[in-house]
Amino acid sequence: MLSINAQVVGTVKNDKGDALPFVNIYFESSANGTTTNENGEFNLELENTGTYTVVFKFLGYKTKKERIEVSKLPFELNVVLAEQVLNLDEITVKAEENPANRVIRNAIANRKKYRSKLLAYTADFYSKGLIRIKDAPKRIFGQDLGDFGGGLDSTRSGIIYLSETLSEISKSKREFKERILASKVSGDDNGFSFNNASDVNFSFYNNTVTFGNKLISPIADNAFAYYRYRLEGTFYDEENRLINKIRVIPRRAGDRVFSGELFIVEDTWAIYALNFSVTGEQTQIVPVDTIYLKQDFNYIPSQNAWLKTLQRIDFQYRILGFKGNGRFTAGYKNYDLNPSFSKKEFTNEVVSFEGNANKKDSLFWETIRPVPLTTEETSDYKRKDSLQIIRKSQKYLDSVDAKGNRFTLGSLFFGYTYSNTFKDKYYTFTSPLANISFNTVQGFRGAIELDYLKRNEEKGTRFNINTKLDYGLSDKRFRPQGSISYRFNNFSRPFLRLRGGNEVLQFNNNNPISPFGNTIVSLFFESNFAKFYERNFSEFFYSQELINGIYLYAQLGYEERKPLFNTTDFVIIDSDDNYTSNNPLDPQDFATAAITRHDILKLSLNTRIRFGQKYLSYPNGKFNYSEDRYPTLFLGYEKGFAGSETNNRFDQFKIRLVQDFPIADKGRLYYNLKAGTFLDADDISFVDYQHFNGNRTRITRGNYLNSFFLLPYYDLSTNQSYFEGHLEHNFQGFVMGKIPLLNKLKSHLILSGKTLATSNNRPYYEWGVSLGNLGWKKFRFFRVGFVQSHFEGTTESGINVGLQF
């Protein structure tokens with residue numbers, strides 16, 4: 001258990017009287033220490049009086065040792081540090097060799113040795129996170145942004161997030177876990193901080209460092225392909241060890257690399273400290289402009305190792321009118337490099353919380369906090385903790401709701417929500433204009449939607465009632481729908497839904513062409529690609545995580561299916577082509593439908609298995625994430641039975657395997673493989689065929705790994721066996737970043753391959769070459785490529801465009 005009984009307290013300044021923030025302070029030959037805050041103030045934990053040597057280390061300044069005689073606690077110690085003078089004549093090298101390269105080669109040669117020293121350990125961890133905003137807008141997209149929990153001043157600037165975490169961490173060769181002992185969030189006594197150790201466990205002794213993206217370490221085996229190095233000078237530390245200061249320079253600005261300063265110990269070639277920067281573009285963290293990462297290491301004789309004791313992440317962000325900065329400071333101490341882990345020590349639970357971890361009072365934090373708060377932070381805690389009492393009251397919440405619940409003329413056109421925030425109840429009206437679209441079956445259509453939501457975020461429950469009334473101007477039909485659903489908790493997330501009504505659906509229920517896309521190509525290009533049928537239905541759906549990583553989805557429903565025909569030929573731009581019929585089996589047959597009226601009971605059982613799924617156990621929920629070294633497996637079974645026509649009864653078995661993972665520094669590989677087979681399905685309804693996500697618009701929306709580039713929507717639909725495969729490799733700048741001039745596009749080369757094989761047909765193939773990450777400044781979501789398909793001797797080519805986030 002982390003504790004601070006008393007402290008050595010004081011300030012650290014330079015010889016000009018300026019406070020020095022984030023100075024590394026520790027007892028000699030120990031990893032246990034602290035750091036100064038932004039005002040240069042520090043608290044150093046000390047349990048007993050006696051004689052001690054305190055070390056003050058700060059890059060750019062001479063390390064200083066202070067021997068102190070402590071007779072009573074707390075003990076005040078104020079220190080002044082002098083600037084470090086660098087030398088360039090400490091190392092003799094061959095004239096033809098870059099002296100920095102010699103240091104880096106030795107560091108690379110010893111990389112695995114130091115990595116192996118840190119394969120297993122335990123430690124105590126403290127982190128403080130702070131995010132500020134500057135000149136915050138009052139509204140965005142018509143929505144009032146408020147005052148961000150009371151953290152803004154008159155210029156709408158201030159702290160919008162402040163939190164602290166105390167935890168115990170354990171690491172083995174492949175596993176990592178964190179037990180959070182205390183968590184505090186300014187202005188939220190039920191909140192849990194997100195600045196966990198598992199998210200900032202960066203080691204430059206690995207070839208890559210996962211920081212949003214996978215970035216190349218400056219001492220990776222292939223580092224010389226990405227970096228140039230310059231020796232800026234040397235100095236001696238407090239133990240007379242020679243330290244090399246190396247300037248790390250990217251060879252190409254667009255590569256996934258760091259830049260800055262790396263300090264390496266001569267002879268042992270361990271990392272002494274580092275001071276790097278990286279752009280938001282390189283990390284693919286879109287809102288961020290620049291991230292600065294600093295790490296300090298202390299040599300611990302008892303462990304015979306250089307151990308990371310301090311880490312600091314600073315960043316600046318700017319997006320959509322929001323701008324500001326932030327800082328996450330982390331301290332590590334009480335290392336044990338020879339832990340005795342039991343076989344059950346590590347599970348898939350990565351983060352857990354001690355009981356009442358977020359209920360610690362201010363007195364607890366004052367005695368346990370290793371880094372003193374600044375005046376700004378103290379003020380933020382006091383102000384927001386006082387405000388939350390007021391802002392949780394019914395009187396205050398009702399007053400806020402009264403303002404937001406005003407009904408205006410615009411509400412009729414853009415929708416309206418009536419909120420009762422105190423009871424966490426919400427009533428929403430959705431205007432028909434919000435989802436208006438056009439198709440040749442209904443003409444112009446829209447829907448009025450009424451929704452009721454009741455939440456309990458602490459218990460994780462969610463109760464919802466939804467009604468919808470759809471109307472088509474051309475077919476003059478009202479189609480009502482309704483549903484009621486309930487989520488029982490936020491751990492295994494049992495979810496129950498009852499739904500019924502009348503609706504128009506595409507034969508492929510995955511909607512391979514969106515209502516908006518179909519509207520555009522119909523009205524402006526006279527191409528009605530979407531084909532529809534009608535169903536009256538009632539269905540029961542249930543889902544739940546059975547055990548970690550295994551999710552069950554079950555659905556049982558009754559359906560009455562009816563054919564539909566075109567009711568309008570309206571276009572805005574009349575082309576030489578005419579609308580096709582609503583029959584996907586014969587688009588030129590306007591008299592015959594693809595199905596006849598029939599009803600059926602349909603059972604669907606599906607499971608998703610995430611191998612090696614990790615999770616974070618918060619007191620209010622379980623939050624899962626998958627590791628890219630394992631695939632995800634989907635197994636499915638569908639059965640149609642008890643229908644009006646025996647021929648429509650069938651069984652289908654399905655399997656799917658999906659994964660994406662990095663290929664060293666050469667980008668990321670993605671695959672999505674599907675297969676299935678039908679039993680006794682020779683004469684089933686076309687509705688129940690296996691349909692594939694085709695594309696005739698040349699525009700891809702959504703997941704590129706789940707749709708084709710050029711495949712006709714229903715030509716290869718099948719009621720027999722099938723295999724579908726999608727493979728894609730995104731080089732993420734590995735290729736385009738190395739080509740002069742073209743590297744200024746900051747684009748990503750993407751290679752794609754797709755195939756579809758069905759019984760009694762020759763395989764269908766597609767391939768594509770695309771450029772992704774296209775756009776302007778931070779908004780780089782566009783993708784453009786050349787694609788080609790091959791099927792039964794016919795080749796088709798085209799240009800594909802889309803969005804990829």
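Helices (H or I, at least four residues) and strands (E, at least two) are DSSP runs here, numbered from the N terminus. This is a predicted model, in which local features need pLDDT of at least 70 and side-chain atom pairs count only at pLDDT 80 or more, while totals for chains, interfaces and linings use all residues. Residues are numbered from 1 along each chain as its sequence is written, and side-chain values use heavy atoms, with hydrogens and water left out.

Let's start with the whole protein. Its secondary structure comes to eight helices and 44 strands, and its C-alpha trace spans about 100 × 70 × 55 Å along the principal axes. Of the 805 residues, 49% count as buried; buried means under 20% relative accessible area, exposed over 50%, and partly exposed in between, with a 1.4 Å probe and protein chains only. A contact means heavy atoms within 4.5 Å. Among contacts between residues at least 6 apart in sequence, 61% join residues at least 24 apart.

Now to an open sheet of four strands, which run in the order β3-β2-β5-β6 with antiparallel pairing. Its edge strands, each pairing on one side only, are β3 (33-35) and β6 (64-70). Neighbouring strands in this sheet are turned by 25° against each other on average, direction ignored; the axes are lines fitted to C-alpha atoms, for helices over the stretch in contact, and angles run from 0 to 180 degrees between N-to-C directions. Strands of a sheet pair through backbone hydrogen bonds, either parallel or antiparallel. Two strands are said to pair if DSSP finds at least two bridges between them, and β2 (residues 24-27) and β3 pair in the antiparallel sense over three bridges. Within this pair, Asn24 stands opposite Thr35 in β3.

Just past this sheet, Pro74 sits in the loop between β6 and β7 (75-76). The peptide bond leading to Pro74 from Leu73 is cis, with omega near -5°. Most residues other than glycine have a negative phi, and most peptide bonds are trans.

Two other residues deserve a look for their backbone angles. Asp267, in the loop between β18 (259-265) and β19 (271-279), has a positive phi near 80° without being a glycine. Asp267 counts as exposed because its relative accessibility is 60%. Asn334 is found in strand β22, and its phi is also positive, at about 55°, although Asn334 is not a glycine. With a relative accessible area of 35%, Asn334 is partly exposed.

Strand β22 also leads us to the cavities. On a 1 Å grid over the protein atoms alone, a cavity is a set of points where a 1.4 Å probe fits but cannot get out, and lining residues have an atom within 4 Å of a point. The structure holds five cavities of 30 Å³ or more. The second largest has a volume of about 90 Å³, the volume being the space filled by probe spheres set on the points, with grid points joined across faces, edges and corners. Its lining includes Phe22, Asn37, Lys128, Arg327 and Glu377. Both β9 (121-133) and β22 (322-336) supply at least two residues each of this lining, and β9 gives the largest share, three residues.

Finally, visit Asn405 in the loop between α6 (394-404) and α7 (409-414). Asn405 is buried, because its relative accessible area is 10%. Not counting residues up to four places away in sequence, Asn405 touches Tyr416, Thr417, Tyr418 and Ser419. A polar atom of the Asn405 side chain lies 2.9 Å from the backbone nitrogen of Ser419.

Key: A polar contact is a pair of N or O atoms within 3.5 Å; within protein, one must be able to donate a hydrogen and the other to accept it, and residues adjacent in sequence count only if both atoms are side-chain atoms. On a 1 Å grid over the protein atoms alone, a cavity is a set of points where a 1.4 Å probe fits but cannot get out, and a pocket is an open set with protein on both sides within 12 Å along at least five of seven lines; lining residues have an atom within 4 Å of a point.
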